[in-house]
Protein chains: 2
Amino acid sequence: MNSPADAYNPADYDRPSVTVDIVIFSLLDAQLKALLIKRKLWPYEGYWAIPGGFVEMTESLEDAAYRELKEETNVDRADVYLEQLRTFGKPDRDPRTRVITVAYVALVGADKLQNPRAGDDAADVGWFSAYKPPRLAFDHHHILKHAVTRLRYKLEYSAVGFQLLPELFTLRELQQAYEIVLDETLDKGNFRSKLRKSKVVEAVKLYRQTGGRPARLYRFKDDAVAEVKARRLFP
Amino acid sequence: MNSPADAYNPADYDRPSVTVDIVIFSLLDAQLKALLIKRKLWPYEGYWAIPGGFVEMTESLEDAAYRELKEETNVDRADVYLEQLRTFGKPDRDPRTRVITVAYVALVGADKLQNPRAGDDAADVGWFSAYKPPRLAFDHHHILKHAVTRLRYKLEYSAVGFQLLPELFTLRELQQAYEIVLDETLDKGNFRSKLRKSKVVEAVKLYRQTGGRPARLYRFKDDAVAEVKARRLFP
DNA sequence: TAAATAGTGTCTCTTAGACAATATTAT
DNA sequence: ATAATATTGTCTAAGAGACACTATTTA
């Protein structure tokens, strides 16, 4: 009867707690990875979990998500794509008390991260394969699956995939990013011709050295965002 | 200083209240309508609002939505399509205290409603055009707009539109339902040929009398739901 | 018969997808 | 030259959309 559970009495509260959880995606080592943190306290002590925290009374849900994002990755709002995923609120998802969590998805370019390989040595925070994550706390496995599905969906229907790349990129790098997230190979010629028609990227006068012919660098056209929203990029 | 606002002290609470709001759509009088209720209390007294209520500590968000839906329309879970829309939580959206609301969209066939024209005479509950609603309380105008957008989107990409029709329907009625929601006219021939290919409906051996040649009645094929999910029906 | 509605077929133009050909660099 | 990568082009089959035609009922 001395379990840590005794410290929590659900009856003390007649209102649920509200948290935000942020599934933070990035492309690292040619893989789609999500940032996870290792829990130090009961419940699910020692389990990996999606980063998140309580919503403060005076901040919006979005602000709370950006705040947590900044705390975990030190990345600013301007350098990240953030969108609400959905809200999870089964009564027993947290053994302490009723916790309703508003889940968000964030896309961060690897170039924005200061320690892109922190997960390899740090014990309590790290990047893990989004497809084969470790055992996760609470219903976080479920949330992560939802997030991956949404990301794939978004990538097919909008130009949001650019958020996973640095500001300048080659078309090959862009195609590889799409292939990693969609988990399928794409035809080089068709990928490029569609991209040309969609007019969401523009070439800059720079090239990247490769093993063969240097590759032209491209930039995402900001003014094309709205236009592309309703159009399928890669059906 | 005797305003009703004095009855509420936000400082008393360190946790937000959580509600569910349900945007209930139906096709009535050849229009897309949403069920609204008239508020009797401050704030927004006398304004129309999207029905909703507090989430109880032991019920899931979905259960809360179904409960409210039943209370407002007396329609059972089995007779309705319900899906989470998104969560709205700006700190000042409710002047009483911090209220975070999880919004849902519900589609109800007109044949499932017991008083499909209640709005015409009842003073505190009624069906209103989803496109030109009256002035709404809180941020409900915003929520309703989101709901309409989602409905259109869903209709294009899935077979969910059938939920707005009775069990048996003619292809013309189905086309009209789509035209009402999408707010555009569709070609009869193309509509029907796509529908034939998609195999989401099946003919029954019944006909409906019309002004001319009787129209064959169709039924939605339940086993086609999952299959259609990822496929665009009317691109 | 005409009017009204149901139901099917045909044609064209666009585009997705498979595949091939050419271009430019390093070694 | 050869290898490696970048970049563009061609062909075909499928599909979207415009439009016309036939079918079956009532008045």
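Okay, one term before we start: a polar contact is a pair of N or O atoms within 3.5 Å. Keep that cut-off in mind, and keep in mind too that this is a predicted model.

So, where does that term help us? Look at Lys188(B): a polar atom of its side chain sits 3.3 Å from a base nitrogen of DNA strand C. The phosphates of the DNA get partners too. Arg172(B) has a side-chain N or O atom 3.0 Å from a phosphate oxygen of strand C, and for Lys194(A) that distance to a phosphate oxygen is 3.2 Å.

Let's zoom out a bit. DNA strand C is surrounded by 18 residues, and the closest include Asn190(A), Arg213(A) and Arg216(B). By class, that surface has nine charged, five polar and four nonpolar residues. Helix H4 of chain B gives the most to it, four residues. On the DNA side, 55% of the strand C atoms within 4 Å of the protein are sugar or phosphate, and the rest belong to bases.

Now, the two protein chains. How many residues of chain A are in contact with chain B? It's 27, and they meet 27 residues of chain B. Together the chains bury about 2300 Å², with 56% of that on carbon and sulfur atoms. On chain A's side, Arg15(A), Met57(A) and Arg98(A) lose the most area, together 30% of what that side buries.

And what holds for charges and polar pairs here? Between chains A and B the salt bridge count is zero, while 13 residue pairs are in polar contact, both at pLDDT 80 or more. Strand E5 of chain A gives the most to chain A's side, with four residues.

Key
Residues numbered from 1 in each chain as written. Chains lettered and ligands numbered in written order. Predicted model: local features only at pLDDT ≥ 70, side-chain atom pairs only at ≥ 80, totals over all residues. Heavy atoms only, no water. Contact = heavy atoms within 4.5 Å. Buried area = accessible area lost by both parts, 1.4 Å probe. Salt bridge = Lys/Arg side-chain N within 4 Å of Asp/Glu carboxyl O. Polar contact = N/O pair within 3.5 Å; in protein donor to acceptor, adjacent residues only side chain to side chain. Helix = DSSP H or I, 4+ residues; strand = E, 2+ residues; numbered from the N terminus. Near = heavy atom within 4 Å. Nonpolar A, V, L, I, M, F, W, Y, C, P; charged D, E, K, R; others polar.
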